[in-house]
There are 2 protein chains.
Amino acid sequence: MDATAEALQDAGVDLRLDRDASNCSIARTLEVVGEKWTILILREVYYGSSRFGEFERVLGCPRNLLAARLRMLVEEGILAVETYKEPGARSRPKYVITPKGMDLIPAVMGLLQWGDRYRADPEGPAMVSRHRGCGAHVDARIRCDRGHAVEPVDIESIPGPAFRLRPAE
Amino acid sequence: MDATAEALQDAGVDLRLDRDASNCSIARTLEVVGEKWTILILREVYYGSSRFGEFERVLGCPRNLLAARLRMLVEEGILAVETYKEPGARSRPKYVITPKGMDLIPAVMGLLQWGDRYRADPEGPAMVSRHRGCGAHVDARIRCDRGHAVEPVDIESIPGPAFRLRPAE
DNA sequence: ACTCTGAGTATAGGAAAGTAAACTCAGATG
DNA sequence: CATCTGAGTTTACTTTCCTATACTCAGAGT
């Protein structure tokens, strides 16, 4: 156990129950991608769609929500707007994923592989992902900085630099 | 490109736009964990909480929603109900994560590390995760079955066994 | 019997999110 | 200059979610 954690426990603090759970990176990420269509839009961008009409067609998402989600994703820097031009038509906007958006792909892959394992239809997955370099199947896994594969049960979560106690009631 | 994919393209099918996007493991996973409090409940279980009152206290989630989410997570086999007994009190239920629930941890870690990178407060993360074995920092990464680290941009997604075209309009 | 506690259920009002369909707007084409 | 198209906006309606409070229920202790 960490020194900070020990000091807190000596003071009678329960790390689980007395911490400020709103000061959490998961909660903050969900503020951005937790709304209904957001992850699915990201999935489509990742699969190669980029135009408003493409998202609408393939997702069946209402246009006003689609517009709102795209605007938000652009404001957050997860997507960026570029333009495309079909011959004989004017320039129109298209949406491309940024590096910041790409950093969400491990989370999306995690959701994908859980669904593949527990909720795929009996035939198997609808889409499969492979490494462009070697062709092998890819998946999201947890690794430690020394390169070991880490099972979830072997992860220990301890207070970090921004650990805070919950405000008094 | 895959043989299936080629055959489909020869038939004038656009893999991105004409596929049945509702037949998707991500969408199906979100049906289970896409509601507002679900991932946060999972986070608390993962951090060590197990009792109704603990979830309520630390999340500040309304009791009726909490009860509904817990019931759903148990029905889905992500949590299991056990009992605990404080001295001088009767047995009460507690919620523990199952292996099926543990398999969601890579996705949760993916969300966590995105938030740590882009949305943490200036001091750093509130909680840090490390490998119980070696103490090194852990994170969610994508690997291929041959053990290569895979950047999201090097992943190729192709139709799998359950690929289906979208129903006619 | 009465009370206390943790784990819920029940209910009601307001806010937010989702859905559906009609409408606008900017340019390229006929 | 009327029409077509993709990309939105607007509006009206429905569903879900949030907040808050009150209530129930099963034992253990007094």
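Biologist: Which of the 22 residues around DNA strand D come nearest?

Modeller: They are A:Arg63, A:Tyr95, B:Lys36, B:Leu65 and B:Arg90, where a residue is near a molecule or strand if one of its heavy atoms lies within 4 Å of it. Before we go on, this is a predicted model, in which local features need pLDDT of at least 70 and side-chain atom pairs count only at pLDDT 80 or more, while totals for chains, interfaces and linings use all residues. Residues are numbered from 1 along each chain as its sequence is written, chains are lettered from A and ligands numbered from 1 in the order in which they are written, and side-chain values use heavy atoms, with hydrogens and water left out.

Biologist: Okay, and of the strand D atoms within 4 Å of the protein, what percentage belong to sugar or phosphate?

Modeller: Sugar or phosphate accounts for 63% of those atoms of DNA strand D, and the rest belong to bases.

Biologist: Which atom of strand D does the side chain of A:Asn64 reach, and which does A:Tyr95 reach?

Modeller: A polar side-chain atom of A:Asn64 is 3.3 Å from a base oxygen of DNA strand D, whereas for A:Tyr95 a polar side-chain atom lies 2.7 Å from a phosphate oxygen of that strand. On chain B, a polar backbone atom of B:Gly88 is 3.0 Å from a sugar or linking oxygen of DNA strand D. These are polar contacts, meaning pairs of N or O atoms within 3.5 Å; within protein, one atom must be able to donate a hydrogen and the other to accept it, and residues adjacent in sequence count only if both atoms are side-chain atoms.

Biologist: Which elements give two or more residues to that surface?

Modeller: From chain A they are helix H4 (52–59), helix H5 (63–75) and strand S2 (91–97), and from chain B helix H5 (63–75). The largest share, four residues, comes from H5(A). Helices (H or I, at least four residues) and strands (E, at least two) are DSSP runs, numbered from the N terminus.

Biologist: And how many of the residues near strand D are nonpolar, polar or charged?

Modeller: There are nine nonpolar, four polar and nine charged residues, with Ala, Val, Leu, Ile, Met, Phe, Trp, Tyr, Cys and Pro counted as nonpolar, Asp, Glu, Lys and Arg as charged, and the others, Gly among them, as polar.

Biologist: Over to the other strand, then: which of the 23 residues around DNA strand C come nearest?

Modeller: For DNA strand C they are A:Lys36, A:Asn64, A:Arg69, B:Arg63 and B:Tyr84. A phosphate oxygen of this strand is 3.2 Å from an N or O atom in the side chain of A:Trp37, and a phosphate oxygen is also 3.0 Å from a polar backbone atom of B:Gly53. As for B:Arg92, a polar side-chain atom lies 3.2 Å from a sugar or linking oxygen of DNA strand C. By class, the surface near this strand has nine nonpolar, four polar and 10 charged residues.

Biologist: Back to H4(A) and H5(A): at what angle do they pack?

Modeller: They pack at about 125 degrees, with their axes 11 Å apart; axes are lines fitted to C-alpha atoms, for helices over the stretch in contact, and angles run from 0 to 180 degrees between N-to-C directions. The two helices are therefore oblique to each other, given that angles under 35 degrees count as roughly parallel, over 145 as roughly antiparallel, 65 to 115 as roughly perpendicular and the rest as oblique. Their contact (heavy atoms within 4.5 Å) is made by A:Phe52, A:Phe55 and A:Glu56 of H4(A) and A:Arg63, A:Leu66, A:Ala67 and A:Leu70 of H5(A).

Biologist: How do the two H7 helices cross, left-handed or right-handed?

Modeller: The crossing of H7(A) and H7(B) is left-handed, a term used if the near helix is turned anticlockwise from the far one by less than a right angle, with right-handed used if clockwise. Their axes come within 7 Å and cross at roughly 165 degrees, and that makes H7(A) roughly antiparallel to H7(B). A:Ala107, A:Gly110 and A:Leu111 of H7(A) make the contact with B:Ala107, B:Gly110 and B:Leu111 of H7(B).

Biologist: And where is A:Pro125 found?

Modeller: A:Pro125 is in the loop between helix H7 (105–118) and strand S3 (127–131) of chain A. Not counting residues up to four places away in sequence, A:Pro125 touches A:Asp116, A:Ala120, B:Gly160, B:Pro161, B:Ala162 and B:Phe163.
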